Amino acid sequence: MRIIFLPEALDYFNKLTTVLYEEEYFGFEESALKYVDELIDDVTNTLHLRLKKPAPIQFEKIGRNMFYCSFRKNKRTTWYIFFTQYQVDEERVYLVRHITNNHELSSSFL
């Protein structure tokens, strides 16, 4: 099993650290960085184990035949990871295309 993040997804994580600190969700930049690192680790280590659902049609502009999984990080925030699955030889590959959360996304899409 292999997890690959598109450059856009990695860029989102980089910007997220800055936003979390500058918007004062975290008092220290190190805490924001740790939160994002833990989210990336969670996706990398457990995406293949989570219940996946077909992505809503509204997300076809990002990619076709996508799925998504949710990652609840606290009482107020759930992250949604959108990805495409491939089989390459004997290996399952997960291509992470988009990341969002319940604060950015209307729950009516899910």
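**Exercise 1. Asp89**

Task: Work out whether Asp89 is buried or exposed, and say where it sits.

Solution: Start with accessibility. In this predicted model, Asp89 has a relative accessible area of 72%. The cut-off for exposed is over 50%, so Asp89 counts as exposed. Next, place the residue: Asp89 belongs to the loop between S4 and S5. Last, check the backbone. Asp89 is not a glycine, yet its phi is positive, at about 55 degrees. That is worth a second look, because most residues other than glycine have a negative phi.

**Exercise 2. Asn65 and Glu24**

Task: Find where Asn65 lies, and decide whether it is buried or exposed.

Solution: Asn65 sits in the loop between strand S2 (53–54) and S3. With 67% relative accessibility, Asn65 counts as exposed. Its phi is near 55 degrees, a positive value in a residue other than glycine. Now go to the end of H1: Glu24 comes after that helix, and the phi of Glu24 is positive too, near 65 degrees.

**Exercise 3. Lys53**

Task: What does Lys53 touch, and how far is it from Glu24?

Solution: First, locate Lys53 in strand S2. Second, classify it: its relative accessibility is 40%. Partly exposed covers the range between the 20% and 50% cut-offs, so Lys53 is partly exposed. Third, list the partners. Setting aside residues up to four places away in sequence, Lys53 touches Met66, Phe67 and Tyr68. Finally, take the distance to Glu24: the two residues are 29 apart in sequence, and their C-alpha atoms are 33 Å apart in space.

**Exercise 4. Helix H2**

Task: Why does the end-to-end distance of H2 agree with its number of residues, and which residues of H2 are buried?

Solution: Begin with the length. Helix H2 runs over residues 29–46, which makes 18 residues. At 1.5 Å a residue they should span 26 Å, and the end C-alpha atoms are indeed 26 Å apart, so the two values agree.

Now pick out the buried residues of H2: Ala32, Tyr35, Val36, Leu39, Asp42 and Val43. Around the axis they cover an arc of only 115 degrees, which means they are on the same side of H2. Flip to the face turned away from that buried side, and you find the exposed residues Glu30 and Lys34.

What lies over the buried residues? The cover includes strand S1 (2–5), helix H1 (7–22), strand S3 (67–72), strand S4 (78–88) and S5.

**Exercise 5. Val36 and helix H1**

Task: Which residues does Val36 touch, and which residues of H1 are buried?

Solution: Val36 is part of helix H2, and at 2% relative accessibility it counts as buried. Leaving out residues up to four places away in sequence, Val36 touches Phe13, Leu16, Thr17 and Leu20. Now compare that with the buried residues of H1, which are Ala9, Phe13, Leu16, Thr17 and Leu20. The cover over those H1 residues includes S1, H2, S4 and S5.

Check the length of H1 as well: its 16 residues reach 23 Å from first to last C-alpha, close to the expected 22 Å. For one more distance, take Val36 and Ile81, which are 45 residues apart in sequence and 13 Å apart, C-alpha to C-alpha.

**Exercise 6. Thr100, Asn101 and the pocket**

Task: Is Asn101 buried or exposed, and which residues are closest to the centre of the largest pocket?

Solution: Asn101 is in strand S5 (residues 91–101). Its relative accessible area is 6%, and buried means under 20%, so Asn101 is buried. Its side chain reaches the backbone nitrogen of His103 at 2.7 Å. Beyond its neighbours within four places in sequence, Asn101 contacts Tyr12, Thr77, Thr78, Trp79 and Tyr80.

Thr100 lies in S5 as well and is buried, with a relative accessible area of 5%. The side chain of Thr100 makes a polar contact of 2.8 Å with the side chain of Glu104.

Now for the pocket. The largest one holds about 400 Å³ of space. Its lining has 15 residues, and those closest to the centre are Leu20, Tyr25, Thr77, Asn101 and His103. H1 gives the most to the lining, with 5 residues.

Terms used. Residues numbered from 1 in each chain as written. Predicted model: local features only at pLDDT ≥ 70, side-chain atom pairs only at ≥ 80, totals over all residues. Heavy atoms only, no water. Helix = DSSP H or I, 4+ residues; strand = E, 2+ residues; numbered from the N terminus. Buried < 20%, exposed > 50% of the residue type's maximum accessible area, 1.4 Å probe, protein only. Polar contact = N/O pair within 3.5 Å; in protein donor to acceptor, adjacent residues only side chain to side chain. Contact = heavy atoms within 4.5 Å. Expected span 1.5 Å × (residues − 1). Arc of directions from axis to C-beta. 1 Å grid on protein atoms, 1.4 Å probe; cavity = no way out; pocket = protein on both sides within 12 Å on 5 of 7 lines; lining within 4 Å. Points joined across faces, edges and corners; volume = space filled by probe spheres on them.
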